[in-house]
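Good morning, and thank you for the time. I would like to take you through one model, beginning with a single residue and then widening the view.

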Amino acid sequence: WLAQQATHHRLRTNRLSPPFHSSLLLYSSHLPTQAAENSSSSIAISPITVESRHFSPSHSQPSSKGFPRYQLQPPSCIPSSVKSDFFPSSLCFQMASSVISAAASASPSACPVTDLLKGKAKLGSGNVGSLFIKDKGNPFLNSKSCGRITMAVAVNVSRFEAITMAPPDPILGVSEAFKADNDEKKLNLGVGAYRTEELQPYVLDVVKKAENLMLERGENKEYLPIEGLAAFNKATAELLFGADSPVISEQRVATIQGLSGTGSLRLAAVLIERYFPGAKVLISSPTWGNHKNIFNDARVPWSEYRYYDPKTVGLDFEGMIEDIKAAPEGSFVLLHGCAHNPTGIDPTPEQWEKIADVIQEKNHIPFFDVAYQGFASGSLDQDAASVRLFAARGMEIFVAQSYSKNLGLYSERIGAINVVCSSSDTAARVKSQLKRIARPMYSNPPIHGARIVANVVGDPALFGEWKAEMEMMAGRIKGVRQKLYDSLTSKDKSGKDWSFILKQIGMFSFTGLNKNQSDNMTNKWHVYMTKDGRISLAGLNLAKCEYLADAIIDSYHNVS
């Protein structure tokens with residue numbers, strides 16, 4: 001009856017025989033018969049004996065199970081030389097309050113300690129009588145007690161006891177909740193993954209062809225170099241900056257293959273922490289949910305700049321410029337190259353020019369996250385315009401890339417980190433340090449996705465097919481966006497302006513719904529989405545637009 005579990009520490013058992021190294025197994029307790037139920041007391045524990053002088057429940061600090069917590073301390077009769085071995089100061093047990101009254105009413109009985117010390121009680125092959133060093137004897141032999149209770153307690157104390165349960169991921173957790181819902185009307189608009197009009201996952205035809213080429217060639221699975229597949233690195237840099245860009249011809253780009261966008265961002269974050277100590281990263285408010293996690297884990301400080309204006313459900317351009325100007329000189333400014341996640345709100349070309357002006361004036365370093373090139377507008381060149389603008393100005397920039405969306409290679413984890421430098425010599429040194437960071441992190445990247453990208457971009461026929469498929473995917477999302485807008489305007493008679501939906505771009509739409517309204521979308525309408533009001537239009541089809549419109553209108557007008 002003693003204790004649900006022991007926390008934080010195990011008894012150090014250097015004097016115990018092997019069966020006792022992982023558990024405390026046999027105890028004998030000495031309890032005063034005159035003890036009252038609410039009396040104050042203190043418990044002492046040895047591997048054999050639990051001796052109770054005064055119980056002292058700490059009612060001000062209840063345990064997670066609702067029981068009072070008791071701190072275990074050795075009695076004064078135990079020599080100090082023994083205390084250090086048998087009584088770690090932080091060892092605690094949780095006991096129900098009923099234990100006290102049960103122990104206090106116990107009648108005296110024959111003490112089993114004598115039997116234990118005579119070697120009669122055995123556990124496995126371990127003789128309990130051999131637990132103490134013979135020349136010191138047993139410090140409990142001369143202890144006095146009025147009542148005795150013998151008990152057996154098995155307590156397995158994990159070294160991981162202090163590790164708490166992590167909260168579910170706010171984005172990936174949406175899919176888990178969706179799978180558990182059996183309602184036939186349910187919609188998963190949480191995770192940004194493209195779906196067909198039948199709401200099924202889609203593998204691009206051009207990807208299948210590229211994989212067939214790999215099989216026909218009989219390519220091996222040998223390790224890649226730390227920097228990744230050379231053909232991929234060349235293709236991805238040219239795709240981003242343009243094959244005729246001076247940064248390519250002058251070899252001023254340090255490119256290494258990364259583990260999609262997340263891994264590429266993390267490589268850059270570690271480089272910042274290592275070579276720009278104290279530099280801050282400015283992140284848009286709001287931003288993709290993993291950005292802050294990446295910089296937090298890399299120990300890079302960050303702050304937010306204004307981006308989303310809830311009044312207009314549009315871009316707070318003035319606030320953005322003011323915050324970038326106010327940031328310490330030499331800060332890194334994280335920018336979404338196209339199709340801002342989660343808002344779908346991008347600056348205009350003229351606004352991008354102004355953003356570049358301010359960043360140059362403040363000697364900041366632009367850091368682009370490009371996750372949707374070609375997938376936002378359907379044009380690879382149009383979606384790379386912001387990055388190319390900054391590169392053409394001769395600015396040193398970071399760019400992280402991902403092929404999860406535009407080639408549908410979600411599980412291949414294929415991407416890259418590009419660092420545009422002022423000279424080829426600088427680029428070579430930066431690349432060497434990125435490789436140095438990657439080596440102990442994941443050694444070298446996977447080859448399958450890299451070969452797919454290299455084959456598609458490097459083959460003119462496949463490249464043309466890819467662009468056509470991207471236009472098809474982007475076009476389907478644009479059609480769904482238009483249909484949702486039409487449904488909202490025809491059903492909602494309040495006069496609310498829903499035109500912001502058409503002004504947004506890419507696979508996401510920021511609905512402007514708050515957390516309570518988003519909860520209503522899920523709880524009442526079975527529409528699964530992130531709690532910031534973002535919906536993924538890539539997971540919607542034309543047939544479900546009217547149903548989604550009903551859910552949005554109800555949640556917006558009837559939930560505060």
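Let me begin with Asp-181, which is buried yet takes part in no salt bridge. The nearest side chain of opposite charge belongs to Lys-186, and it is 5.7 Å away. With a cut-off of 4 Å between a side-chain nitrogen and a carboxyl oxygen, a pair at that distance does not count as a salt bridge. Please bear in mind that this is a predicted model.

Where does Asp-181 lie in the chain? Asp-181 is found in the loop that runs between α4, residues 172-180, and β10, residues 187-188. Leaving aside residues up to four places away in sequence, Asp-181 touches Lys-186, His-526 and Tyr-528.

Asp-183 offers a contrast, as it forms a salt bridge with Lys-185. The closest N and O atoms of that pair are 3.4 Å apart. Lys-185 is partly exposed, at a relative accessible area of 38%.

I turn now to the salt bridges elsewhere. A search of the whole structure finds 19 of them. In one, Arg-393 pairs with Asp-357, with 2.7 Å between the closest N and O atoms. Arg-393 lies in the loop between α13 (385-392) and β18, while Asp-357 belongs to helix α11, so this pair ties together parts that are 36 residues apart in sequence. Both partners are partly exposed: Arg-393 has a relative accessible area of 26%, and Asp-357 has a relative accessibility of 31%.

Another salt bridge joins the side chains of Lys-524 and Asp-554, at 3.3 Å from N to O. Here the loop between α18 (515-523) and β21 (527-528) holds Lys-524, and helix α19 (residues 545-558) holds Asp-554, so the pair ties together parts 30 residues apart in sequence. Lys-524 is partly exposed, with a relative accessible area of 48%, whereas Asp-554 counts as buried at 13%. In addition, Arg-217, Glu-219 and Arg-451 are joined into one network by salt bridges that share partners.

Next, the pockets. How much space lies in the largest pocket? The value is about 790 Å³. Its lining is made up of 34 residues, and those nearest its centre are Leu-172, Val-191, Thr-262, Trp-288 and Lys-405. Helices α4, α8 (260-275) and α9 (291-297) each supply at least two residues of this lining. The largest share, four residues, comes from α8. By class, the lining divides into 13 nonpolar, 14 polar and seven charged residues.

The second largest pocket has a volume of about 420 Å³. Of the 21 residues lining that pocket, Phe-276, Ile-365, Glu-396, Phe-398 and Val-419 are the closest to its centre. The elements that each supply at least two lining residues include α8, α11 (349-361) and β17 (365-370), together with β18 (397-402), β19 (414-420) and α14 (424-442). Helix α14 gives the largest share, four residues. The classes in this second lining are 13 nonpolar, six polar and two charged residues.

Finally, the protein as a whole. There are 19 helices and 22 strands, and 52% of the 560 residues count as buried. Among contacts between residues at least 6 apart in sequence, 73% join residues at least 24 apart.

To close, I return to the starting point: Asp-181 is buried and has no salt bridge, with Lys-186 as the nearest side chain of opposite charge. Thank you for your attention.

Methods: Residues are numbered from 1 along each chain as its sequence is written. This is a predicted model: local features need pLDDT of at least 70, side-chain atom pairs count only at pLDDT 80 or more; totals for chains, interfaces and linings use all residues. Side-chain values use heavy atoms; hydrogens and water are left out. Buried means under 20% relative accessible area, exposed over 50%, partly exposed in between (1.4 Å probe, protein chains only). Lys and Arg count as positive and Asp and Glu as negative; His and the chain ends are not counted. Contact means heavy atoms within 4.5 Å. On a 1 Å grid over the protein atoms alone, a cavity is a set of points where a 1.4 Å probe fits but cannot get out, and a pocket is an open set with protein on both sides within 12 Å along at least five of seven lines; lining residues have an atom within 4 Å of a point. Grid points are joined across faces, edges and corners, and a volume is the space filled by probe spheres set on the points. Ala, Val, Leu, Ile, Met, Phe, Trp, Tyr, Cys and Pro count as nonpolar, Asp, Glu, Lys and Arg as charged, and the others, Gly among them, as polar.
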